[in-house]
Structures are given as structure tokens and as C-alpha cells.
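Here are some exercises to work through with the sequence and the 3D view side by side. Try each task on your own before you read the solution.

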Amino acid sequence: MPRFRILSLDGGGTWALIQVRALQEIYGSDKTGHEILRNFDMVAANSGGSLVLGGLIENYPLSRILNLFQDAASRASIFAPLGGIAGFGSKLLEDALGLGPKYSASRKFLGIQAALPRFGGTRLDELPKELDGGAGQWPRIVIPAFDYDLRHCMFFRSDTASLANNTIRPQAPTVAEAIHASTNAPIDYFDQPAIFPVNANYAPHRFWDGAVAGYNNPVQAAVLETKANCQRYEIADTPIVALSIGTGNTSLPLVEPGLPDTKDVELVLHQQSFGLATDIGTMARSIVSDPPDAATFAAYLTLGGAGCCNPCTPSIGGPLVRMNPMIRPCCTDGNWTLPCGLNSADFAALVRLDMDATEQSDVDLIAKFCDLWIQGPVPNQAVRTNELFETLIGQDTFEAAKRVWLDISQ
């Protein structure tokens, strides 16, 4: 029976190279963007994931999209450092609180436009009716952002007639504008909200990253968008399946009685002292976190997946597949241990590495981490686990997740 297939791409800055590598492993290393998009009926993407989506829309080969994150000049066009007085003021704030904006939002917009010369200036609702060669229809596209002034989520859609739409604006922004808004992580990253200076429909509005609205993982937004339009899309009786691809998350156990122990302090969390600087930093960075039992679990249940709380009989199928490498220890013989293939120095560096990794050595470490995930030693984020990271729902390796997705998406 035909399936309605959803692709969801998390935010995560440079770590989004993981999503490109996953798509290469599933569909082929040199498939073009439009060849990938033909496999889906709905695509939702936030922040770094929206940059990947932009490359798919532009019809770049996956190898070229990967290069957008691996090439130093391409990274610098998105993470363009602040300079002059703005940079000096940010340095004072960083010295006082340990955080502050490091990059120029306006220069990021120029970098996005330059990276997408073919479709960057096309409105989402005016993308061509058919993909290159007329071999397939475009999937519906949803890109979340956060309206800085209204303080609520804004969804940019290719389907402006969507029954989930709550805006009176008849037109969508351009592809580049939507990506610019969705990639604009605040406080510790970009210096000001994103604006669309030449778009009269959106000129008064300013935007932050969609993660601020709770959509760093936008899979639930895509599922609800689909559910709201089942009758319009004529899929009321069609199974809906979703592939949610992350950008790497850290999940460390808290040191407490009754849980495994370790001699390696890097493998566990220790409570830190609270205070203004610590709290602001924690809030600024927590928006990119995605616990397994948040958006992914909610979307899984919304699509009719079965719950499970017994690791001896996990639910390994279901309508949603989560692919995301995890920076976390393994529980071995009652102790927390390093995942195979990562030494203590690499593990500690990955834990501390922020989403705006721009140094080549940091990007190389992310690529190594991704390779270990695809090969098997680094665990995959299941839809739901317990406190010992035992899988309750989903797949705990990339290969298992790939097999399930290829099975349910046919």
C-alpha cells in the first residue's frame, strides 16, 4: 500500500553534515537533491537542517551539500564573525557572563543567498510544480522560526492553503529568507534577529531560530501538518511514516545512588553551581537539546506507534524511524564505559563541542563520530530509552534504523 512519507531534519549547525551522510548511506552518495526529495511527500527542517534542505532544493549532489559544512570558506559564509565595535561589545559580554553573540546575522543572509543562486530567491509557495525532468512532484515544505516580537512560532510553508496555517499573509517568504530565519540562533550565536529587508509582507517582523519555539527537532510539526490536511491530500486511509534525522546529541547520566559508576569523570554529569551566568548559558544552549522522549516520541505515538517500557521486548518497528548519533557512555557490567572507537579525549571534546564548530579539527572530529555511528560502535538514538540507555522503542544502531526505514517507506 502506498505510504505518505515525511522527512524531518533537526537543527545543529555544522553537525548537520551528519544528516547528509545519513542520506548518502540510505539513497547513494552522489544522488542529487531532487532525487532525494522525490522519496518524500513532506519535509520539515530547522536551522542546520534547513541548510541541508536548501541544498536539496537547489538540486546539488549530496557530496556538494556535504561540502557546504566541510569546506572552511562555506562555513565562514554562514558563521561570519562579528567585527569592529559590535565584536568588541560582544567580547565584553563574553568576559562578564561567559557567553555572547559571535556571528553576524546580516552577513549570514548574504551567505545563504550566495549558496542558493537557483532557488534561494524563489518563494516557497512558488517552487516549480514539478522536480527537474518532470519525474516527480515537490514535497510540501515546512520550516519553523520564532517571531521575536510576537513571541510565538512562525511556520513558513510551501502550502499556504494548509489547514494548519494561522497567518493571513497570502505569500510565503523566499527559500533563502525562510532558512535565514530558521538558522538564527540567538544570545550565544548571532548578534540580532533575522529580517527580510526587501519583503514587504514580512518587513516588520524579526525572527529567531525555530529551536526557540521548541522545534529544533521539527518532526512533530511535520506530522501535525500532515494530519491537519489528510482530506486535502487525499491520504485519510494512507499509512503515514516518518524519518527523523538528528545532528548528534549528548546524553550523560547524572551521578546518583543506584546507577552505574565510573572512574572516568567525562562520562557522567556532576551538578554545577547555579547563578545568573550559569543559568543564562544553560537556557541559551538548551534549545538545541532533544531528549528521546520529546518530539520524536510524541510524533511516534501520534502516528499510531505502540508504547513499550520493557527493554527485554522493545518495540523495534513502528511508523517512525529516528536516526541520530548519541554522545553517551555504555553500561557494561554495571559500569559506564566509553563507546568503542572513541578515546577519552575524543569523547570529552565531543561533549564540549558546540553546534557552531568552525575549526577544521572540530569538523573532522564530527565526521569521525558520524563514521563510527554509521559503522556501528556509536549508538543510535532510539525513540525511547530508559535511564540505562536500554532501548524501549526504536533502533539502537544506524544499520538497524536504515533497514526499518527502507522497509516501511516502500
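A disulfide is a pair of cysteine sulfur atoms within 2.5 Å. Keep in mind that this is a predicted model.

**Exercise 1: Cysteines**

Task: Find how many disulfides the structure holds, then check cysteine 309 and cysteine 312 one by one.

Solution:
- Step 1. The count of disulfides in the structure is 0.
- Step 2. For cysteine 309, the nearest cysteine sulfur belongs to cysteine 308 and is 6.1 Å away, and cysteine 309 is in no disulfide.
- Step 3. For cysteine 312, the closest cysteine sulfur is also in cysteine 308; at 9.4 Å it is too far for a bond.
- Step 4. Now look at accessibility. Cysteine 309 has a relative accessibility of 70%, so it counts as exposed. Cysteine 312 is exposed too, with a relative accessible area of 68%.

**Exercise 2: Helices α7 and α8**

Two packed helices are described by the angle between their axes and the distance between the axes.

Task: Describe how α7 and α8 pack, and decide which word fits their orientation.

Solution:
- Step 1. Locate the two helices: α7 covers residues 105-115 and α8 covers residues 175-182.
- Step 2. Read off the geometry: the axes are 9 Å apart, at an angle of about 140°.
- Step 3. Angles over 145 degrees count as roughly antiparallel, and those from 65 to 115 as roughly perpendicular. The angle of α7 and α8 fits neither, and the two helices are therefore oblique to each other.
- Step 4. Their crossing is right-handed.
- Step 5. List who meets whom: Ala105, Lys108, Phe109, Ile112 and Gln113 come from α7, while Ala176, Glu177, Ile179 and His180 come from α8.
- Step 6. Sort the residues of this contact by class: 5 are nonpolar, 2 are polar and 2 are charged.

**Exercise 3: Helices α1 and α13**

Task: Describe the crossing of α1 and α13 and the residues that form their contact.

Solution:
- Step 1. Find α1 at residues 17-27 and α13 at residues 360-375.
- Step 2. The two axes come within 10 Å and cross at roughly 35°.
- Step 3. The handedness of this crossing is right-handed.
- Step 4. On the α1 side, the contact includes Leu17, Ile18, Arg21, Ala22 and Glu25. On the α13 side you will find Val363, Ile366, Ala367, Phe369, Cys370, Asp371, Trp373 and Ile374.
- Step 5. By class, this contact has 10 nonpolar and 3 charged residues, with no polar ones.

**Exercise 4: Buried places**

Task: Work out how many residues of α3 and of α9 are buried, then look at threonine 14 and isoleucine 78.

Solution:
- Step 1. A residue is buried when its relative accessible area is under 20%.
- Step 2. In α3 (residues 48-57), 10 of the 10 residues are buried, and the helix is mostly covered.
- Step 3. In α9 (residues 219-228), 7 of the 10 residues are buried, so this helix is largely enclosed by the rest of the structure. Among them are Val219, Gln220 and Glu225.
- Step 4. Threonine 14 sits in the loop between β1 (4-9) and α1. With 1% relative accessibility, it counts as buried. Beyond its neighbours within four places in sequence, threonine 14 is in contact with Phe69, Arg75, Phe79, Met355, Asp356, Ala357 and Val363.
- Step 5. Isoleucine 78 is in α5 (residues 72-78) and counts as buried at 12% relative accessibility. Leaving out residues up to four places away in sequence, isoleucine 78 touches Leu51, Lys108, Gly111, Ile112 and Phe190.

**Exercise 5: Positive phi**

Most residues other than glycine have a negative phi, and most peptide bonds are trans.

Task: Place asparagine 59 and arginine 151 in the structure, and decide whether each is buried or exposed.

Solution:
- Step 1. Asparagine 59 is not a glycine, yet its phi is positive, at about 70°. Its place is the loop between α3 and α4 (62-70).
- Step 2. At 18% relative accessibility, asparagine 59 counts as buried.
- Step 3. Arginine 151 is not a glycine either, and has a positive phi of about 60°. It lies in the loop between β3 (140-147) and β4 (152-157).
- Step 4. With 69% relative accessibility, arginine 151 counts as exposed.

How values were computed. Residues are numbered from 1 along each chain as its sequence is written. This is a predicted model: local features need pLDDT of at least 70, side-chain atom pairs count only at pLDDT 80 or more; totals for chains, interfaces and linings use all residues. Side-chain values use heavy atoms; hydrogens and water are left out. Axes are lines fitted to C-alpha atoms, for helices over the stretch in contact, and angles run from 0 to 180 degrees between N-to-C directions. Helices (H or I, at least four residues) and strands (E, at least two) are DSSP runs, numbered from the N terminus. Angles under 35 degrees count as roughly parallel, over 145 as roughly antiparallel, 65 to 115 as roughly perpendicular and the rest as oblique. A crossing is left-handed if the near helix is turned anticlockwise from the far one by less than a right angle, and right-handed if clockwise. Contact means heavy atoms within 4.5 Å. Ala, Val, Leu, Ile, Met, Phe, Trp, Tyr, Cys and Pro count as nonpolar, Asp, Glu, Lys and Arg as charged, and the others, Gly among them, as polar. Buried means under 20% relative accessible area, exposed over 50%, partly exposed in between (1.4 Å probe, protein chains only).
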